[in-house]
Amino acid sequence: MHIVFGGAFNGKREYVKKRLAGQEVAWLESELPKGSVVFSIIVVAGIEHRIKTQLGNGISEFQIREEIQQMLAKYKDYKLIWVLTDMNRGIVPIDPLERELRDVLGRIYQFLFSEATEITRIWYGIPQNLKGGDER
């Protein structure tokens with residue numbers, strides 16, 4: 001599993017698209033895969049939007065994490081790439097839902113990072129590998 005993360009509009013999606021050019025990919029925005037996926041590469045991007053909606057609908061952090069764990073187990077034979085947005089950089093939001101989202105994302109990201117075999121941070125279009133892989 002590969003995680004590509006960085007701030008908003010730092011070039012994460014463009015980096016992933018360039019790395020996967022010419023390959024068939026299931027690209028999911030703000031959702032997790034469901035059922036069978038035709039392609040062997042799955043990109044999950046914008047998950048923070050899905051999690052915010054789930055929290056707003058009363059779904060617990062435990063349920064969200066369990067759903068992600070089940071998805072990882074189900075698609076363990078696929079090449080999974082997560083495009084994650086680094087949010088808030090230590091700024092604590094005033095809005096209660098935004099504050100909860102920040103905290104939950106921090107814990108979910110910690111879990112995903114611990115499971116990843118490759119982690120790449122994108123800083124204004126420049127990749128920096130933090131775990132496994134190589135810079136391309």
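In which sense do β5 and strand β6 pair, and over how many bridges? In this predicted model, β5 and β6 (residues 126-131) are paired in the antiparallel sense, with five bridges between them. Within this pairing, threonine 120 stands opposite asparagine 129 in β6. The hairpin made by β5 and β6 leaves two residues between the strands, and tyrosine 124 there takes a positive phi near 50°.

The hairpin is a good place to start a tour of the sheet. Six strands make up this open sheet, and their order is β2-β3-β4-β1-β5-β6, with mixed pairing. The edges are formed by β2 and β6, each of which pairs on one side only. Averaged over the sheet and with direction ignored, neighbouring strands are turned by 20° against each other. As general background, strands of a sheet pair through backbone hydrogen bonds, either parallel or antiparallel.

Strand β1 offers a helpful viewpoint on the sheet. On one side, β1 runs parallel to β4, joined by five bridges. β1 also runs parallel to β5 (residues 118-123), here through four bridges. Phenylalanine 5 takes part in both pairings: it stands opposite leucine 84 in β4, and its bridge partner in β5 is arginine 121. Isoleucine 3, in turn, stands opposite isoleucine 119 in β5. Further along the sheet, β3 and β4 are parallel and joined by five bridges, and alanine 45 has valine 83 in β4 as its bridge partner.

How well covered is β1? Five of its five residues are buried. In a regular strand the side chains alternate between the two faces of the sheet. For β1, His2, Val4 and Gly6 lie on one side and Ile3 and Phe5 on the other, and all of these are buried, so to speak of cover is to speak of both faces.

Helices also pack against the sheet. Helix α1 (residues 12-19) lies across β1, β2, β3, β4, β5 and β6, and runs at about 145° to β1. The sheet is also packed by α4, which touches β1, β4, β5 and β6 and whose direction makes about 145° with that of β4.

The interior can be described through its nonpolar cores. In soluble globular proteins, nonpolar side chains tend to be buried together. The largest nonpolar core here has 28 residues, among which Ile51, Ile68, Trp82 and Leu112 touch the most other members. Two or more residues of this core come from each of β1 (2-6), β2 (25-29), β3 (41-45), α2 (47-56), α3 (61-74), β4 (79-85) and α4 (96-115). The largest share, seven residues, is given by α4. Isoleucine 51, leaving aside neighbours within four places in sequence, is in contact with Ile64, Leu101, Val104, Leu105 and Ile108. There is also a second, separate core of ten residues, including Val43, Ala45, Val83 and Ile122. Two of these members, Ala45 and Val83, are the bridge partners already met between β3 and β4.

The last feature is a pocket. Rolling a probe the size of a water molecule over the atoms shows where empty space is left. The largest pocket has a volume of about 150 Å³. Its lining consists of Ala8, Phe9, Asn10, Gly11, Lys12, Arg13, Glu29, Gly46, Glu48, His49 and Thr85. Helices α1 and α2 each supply at least two residues of this lining.

Technical notes:
Residues are numbered from 1 along each chain as its sequence is written. This is a predicted model: local features need pLDDT of at least 70, side-chain atom pairs count only at pLDDT 80 or more; totals for chains, interfaces and linings use all residues. Side-chain values use heavy atoms; hydrogens and water are left out. A nonpolar core is a set of buried Ala, Val, Leu, Ile, Met, Phe, Trp, Tyr and Cys residues joined through side-chain atoms within 4.5 Å. Buried means under 20% relative accessible area, exposed over 50%, partly exposed in between (1.4 Å probe, protein chains only). Contact means heavy atoms within 4.5 Å. Two strands pair if DSSP finds at least two bridges between them. Axes are lines fitted to C-alpha atoms, for helices over the stretch in contact, and angles run from 0 to 180 degrees between N-to-C directions. On a 1 Å grid over the protein atoms alone, a cavity is a set of points where a 1.4 Å probe fits but cannot get out, and a pocket is an open set with protein on both sides within 12 Å along at least five of seven lines; lining residues have an atom within 4 Å of a point. Grid points are joined across faces, edges and corners, and a volume is the space filled by probe spheres set on the points.
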